[in-house]
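Q: Please take a close look at the largest nonpolar core, and tell me which residues make it up.

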Amino acid sequence: MNQEPKAWYSARTFYRWLPWENRPYEERVVLFRARSLDEAIGLAEREAAEYAGESDFEVLDMVQAHRISDGDEELGVGTEVFSKLHALDLTADEFLDRYDSGPAHTQTSD
């Protein structure tokens, strides 16, 4: 049986942080090697459940996956890991306001 070689996929998963004040949402993009989009989504669903199990997070019921490369292509600086088109009748400022959820919970290294 000739199996398709594994390609790189990114998968965007969504969570709700239950223990935090205001229960913020989180989006993550994680890389996987898989033979198909369906396999990549399955891997992402399993990884999301493990990630959420480490804390009191709720996994939201949506995975968005994106094929990054074919076979053994090397990933590097500038490699697109996720892309999504939005067909919305909004000005650029309205679009950015819609997707700006306020201060991000980030950590910087010193």
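A: A residue counts as buried when its relative accessible area is under 20%, as exposed when over 50%, and as partly exposed in between, with a 1.4 Å probe and protein chains only. This is a predicted model, in which local features need pLDDT of at least 70 and side-chain atom pairs count only at pLDDT 80 or more, while totals for chains, interfaces and linings use all residues. Residues are numbered from 1 along each chain as its sequence is written, and side-chain values use heavy atoms, leaving out hydrogens and water.

A nonpolar core is a set of buried Ala, Val, Leu, Ile, Met, Phe, Trp, Tyr and Cys residues joined through side-chain atoms within 4.5 Å, and the largest one here consists of six residues, namely Y15, W17, A48, Y51, A52 and F57. Two elements, β1 (7–17) and α1 (37–53), each give two or more residues to this core, and the largest share, three residues, comes from α1; such helices (H or I, at least four residues) and strands (E, at least two) are DSSP runs, numbered from the N terminus.

Within the core, Y15 has contacts (heavy atoms within 4.5 Å) that, not counting residues up to four places away in sequence, include A48, Y51 and A52, and also P24, Y25, E26 and R28.

Turning to the loop between β1 and β2, one finds W20 there, and this residue counts as partly exposed because its relative accessibility is 37%. Although W20 and D56 are 36 residues apart along the chain, their C-alpha atoms are separated by 9.3 Å.
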